[in-house]
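Work through the exercises below with the model open beside you. Each task is followed by a solution in steps.

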Amino acid sequence: MAFSSLRSTSFSSMLNKLRLCQRSISAKASSSPKDKDKERLMFDSERETADLTSGISRPLSDILKELNKKVPDSLIKFRHEPNGFSIKYIPWHIVNRIMNLHAPEWSGEVRSITYSSDGKSVSVVYRVTIYGTDAEIYRESTGTASVDDPGYGDPVQKAEGMAFRRACARFGLGLHLYHEDMS
């Protein structure tokens, strides 16, 4: 939390200094119509800056509320398993974009990579941390991939993608896909 607070505090103090400079410049301007137009443009610019930065840091409850919304069907993919089952999933790059949109101050890290004793599979533990204005929270999950899987990418990459998606699901992102299978 301290690092997140430090970032948002320094950014907000910088933004406040910018606003004070703009106001002092506009206060020094004369009252001619051209100067009034300049002043109006400065305040419009200030409003635009505030609009652009208003969603960067938000309370954790607001971020979690957004992440728990249903993901549009157009973003969901199907994978057909060798046993005949179809599995719905959200590709890791889509999950990444959703996280960037709703929780722009998130971070992720691989915590461990472990190969099975027989060397046939690899497991990855991944941690996702979300930083809100009022708190930070993290979730970890695992992903496992077979070394012999003929699909695209190496086994560590696949296990990491799975662990990343599952860690994000622990915040509610795409969690509805798990509940659809039960009904």
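**Exercise 1. Is S141 buried or exposed, and which residues does S141 touch?**

Solution.
- Step 1. This is a predicted model. In it, S141 has a relative accessible area of 8%.
- Step 2. Buried means under 20%, so S141 is buried.
- Step 3. Place the residue: S141 sits in strand 5, which spans 136-146.
- Step 4. List the contacts, leaving out residues up to four places away in sequence. S141 touches V124, V125, Y126, A163, R166, A167 and R170.
- Step 5. Look at the surrounding elements. Strand 4 covers residues 121-131, and helix 5 covers 155-169. Helix 5 lies across strand 3, strand 4 and strand 5. The helix runs at about 145° to strand 5.

**Exercise 2. Work out the order of the open sheet of three strands, and find which strands stand at the edges.**

Solution.
- Step 1. The order is 3-4-5, and the pairing is antiparallel.
- Step 2. Strand 3 (106-115) and strand 5 each have a single partner strand, so both stand at the edges and one side of each lacks a neighbour in the sheet.
- Step 3. From one strand to the next, the twist averages 20°.
- Step 4. Check the pairing of strand 3 with strand 4: nine bridges join them. For T114, the bridge partner in strand 4 is S123.

**Exercise 3. Place W106 and describe its surroundings.**

Solution.
- Step 1. W106 belongs to strand 3.
- Step 2. Its relative accessible area is 17%, so W106 counts as buried under the 20% cut-off.
- Step 3. Beyond residues up to four places away in sequence, W106 touches N96, M99, N100, V128, T129, I130, Y131 and F164.
- Step 4. Take N96 from that list. N96 and W106 are 10 residues apart along the chain, and their C-alpha atoms are separated by 9.8 Å.

**Exercise 4. How do strand 1 and strand 2 pair, and which residue in their hairpin takes a positive phi?**

Solution.
- Step 1. The two strands pair in the antiparallel sense, over four bridges.
- Step 2. One pair to inspect is H80, whose bridge partner in strand 2 is S86.
- Step 3. The hairpin has five residues between the strands. G84 takes a positive phi near 100°.

**Exercise 5. Characterise the largest pocket: volume, lining and source elements.**

Solution.
- Step 1. The volume is about 780 Å³.
- Step 2. The lining holds 24 residues, and R79, D149, Y152, K158 and R165 are the closest to the centre.
- Step 3. Sort the lining by class: 10 nonpolar, eight polar and six charged residues.
- Step 4. Assign elements. Strand 1 (77-80), helix 4 (92-102), strand 5 and helix 5 each supply at least two residues. Helix 5 gives the largest share, seven residues.

**Exercise 6. Repeat the analysis for the second largest pocket.**

Solution.
- Step 1. The second largest pocket holds about 330 Å³ of space.
- Step 2. Of its 16 lining residues, K88, Y89, I90, R165 and Y178 are the closest to the centre.
- Step 3. Strand 2 (86-89), helix 5 and helix 6 (176-182) give two or more residues each.
- Step 4. Helix 5 gives the most, with five residues.
- Step 5. The classes are 10 nonpolar, one polar and five charged.
- Step 6. Set the two pockets side by side. R165 is among the residues closest to the centre in the largest pocket and also in the second largest pocket.

Technical notes. Residues are numbered from 1 along each chain as its sequence is written. This is a predicted model: local features need pLDDT of at least 70, side-chain atom pairs count only at pLDDT 80 or more; totals for chains, interfaces and linings use all residues. Side-chain values use heavy atoms; hydrogens and water are left out. On a 1 Å grid over the protein atoms alone, a cavity is a set of points where a 1.4 Å probe fits but cannot get out, and a pocket is an open set with protein on both sides within 12 Å along at least five of seven lines; lining residues have an atom within 4 Å of a point. Grid points are joined across faces, edges and corners, and a volume is the space filled by probe spheres set on the points. Ala, Val, Leu, Ile, Met, Phe, Trp, Tyr, Cys and Pro count as nonpolar, Asp, Glu, Lys and Arg as charged, and the others, Gly among them, as polar. Two strands pair if DSSP finds at least two bridges between them. Axes are lines fitted to C-alpha atoms, for helices over the stretch in contact, and angles run from 0 to 180 degrees between N-to-C directions. Contact means heavy atoms within 4.5 Å. Buried means under 20% relative accessible area, exposed over 50%, partly exposed in between (1.4 Å probe, protein chains only).
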